[in-house]
Amino acid sequence: MAPKKDSKPAKGDSKSKGKGSGGKADKDEGGSGKLKAATAINTRHILCEKYSKKEEALAKLRDGAKFDDVARDFSEDKARQGGSLGWKVRGSLDAAYEKAAYELEPSTTGNSKFVEVKTGHGYHIIMVEGRR
């Protein structure tokens, strides 16, 4: 069963979150309310070993490229479907990745909100497609 989509448009910058964060996760800037608690999230990511490659991928995203297309071109992991990791329950991901992902509001690949985080695996650009 597909996750329910929020019918309200997001406030603020619709292209990205996490600009200039230097690898740290940015908190939700909506201000008017917090995200509902979730036990599972559906995420996509772009994993780059080198900082310069991550910055190149970020530039593409900020220029309006679709997240899944950039993931196919830049990600260095085995997530072949546009960086999709699918549904993951709390506690099943790297702690830094998970913290950043659970603080990010859901978005779409064509209008993605994303955050950057550095883990032991490399530099991640993360977007969340759904929460439950």
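**A walk through the fold, starting at Glu 105**

The side chain of Glu 105 reaches the side chain of Lys 113 in a polar contact of 2.8 Å. That pair comes from a predicted model, as does everything that follows. Glu 105 sits in the loop between α3 and β3, and with a relative accessibility of 16% it counts as buried, because the cut-off for that label is under 20%. Pro 106 is found in the loop between α3 and β3 as well. At 35% relative accessibility, though, Pro 106 counts as partly exposed. This proline also links up with a far-off part of the sequence: Pro 106 and Gly 130 are 24 residues apart along the chain, yet their C-alpha atoms are separated by 5.4 Å. Setting aside neighbours within four places in sequence, Pro 106 touches Leu 35, Val 128, Glu 129, Gly 130 and Arg 131.

Stepping back helps to place that loop. The protein chain holds three helices and four strands, and reading along the sequence gives the pattern β-α-α-β-α-β-β. Of the 132 residues in the chain, 43% are buried. Long-range links are plentiful in the contact count: taking contacts between residues at least 6 apart in sequence, 70% join residues at least 24 apart.

The four strands come together as an open sheet, in the order β2-β1-β4-β3, with antiparallel pairing. At the edges are β2 (84-89) and β3 (114-119), each of which pairs on one side only. Neighbouring strands in this sheet are turned against each other by 35 degrees on average, ignoring direction. As a general point, strands of a sheet pair through backbone hydrogen bonds, either parallel or antiparallel.

Strand β1 (residues 40-48) is a good place to look at that pairing. Eight bridges tie β1 to β4 (residues 122-131), and the two run antiparallel. On to β2, the count is five bridges, again with an antiparallel run. Asn 42 shows both partners at once: Asn 42 stands opposite Gly 130 in β4 and opposite Trp 87 in β2. Gly 130 is also the residue whose C-alpha atom lies 5.4 Å from that of Pro 106. A little further along β1, Arg 44 stands opposite Met 127 in β4.

How much of β1 is buried? Nine of its nine residues are, so to speak, under cover. Both faces of the strand are covered, with Ala 40, Asn 42, Arg 44, Ile 46 and Cys 48 buried on one side and Ile 41, Thr 43, His 45 and Leu 47 buried on the other.

The helices add to this picture. Helix α1 lies across β1, β3 and β4, and runs at about 175 degrees to β3. Its twelve residues should span 16 Å at 1.5 Å a residue, and the end C-alpha atoms are indeed 16 Å apart, which agrees. The buried residues of α1 are Lys 54, Ala 57, Leu 58 and Leu 61. Looking down the axis of α1, these buried residues fall within an arc of 105 degrees, so they line one face of the helix. They pack against β1, α2 (67-74), β3 and β4.

Lys 60 is also part of helix α1 (residues 51-62), but at 42% relative accessibility Lys 60 counts as partly exposed. Beyond its neighbours within four places in sequence, Lys 60 is in contact with Ala 65, Val 70 and Phe 74. Between Lys 60 and Val 70, the C-alpha distance is 7.1 Å for a separation of ten residues in sequence. Just after α1, Gly 64 takes a positive phi of about 105 degrees.

Helix α3 (residues 95-102) has a buried set of its own, made up of Tyr 97, Glu 98, Ala 100, Ala 101 and Tyr 102. The buried residues of α3 pack against β1, β2, β3 and β4. At the start of α3, a side-chain oxygen of Asp 94 comes to within 3.0 Å of the backbone nitrogen of Ala 96. Past this helix comes the loop between α3 and β3, the place of Glu 105.

Technical notes. Residues numbered from 1 in each chain as written. Predicted model: local features only at pLDDT ≥ 70, side-chain atom pairs only at ≥ 80, totals over all residues. Heavy atoms only, no water. Buried < 20%, exposed > 50% of the residue type's maximum accessible area, 1.4 Å probe, protein only. Contact = heavy atoms within 4.5 Å. Pairing = 2+ DSSP bridges. Axes fitted to C-alpha atoms, helices over the stretch in contact; angles between N-to-C directions. Expected span 1.5 Å × (residues − 1). Arc of directions from axis to C-beta. Polar contact = N/O pair within 3.5 Å; in protein donor to acceptor, adjacent residues only side chain to side chain.
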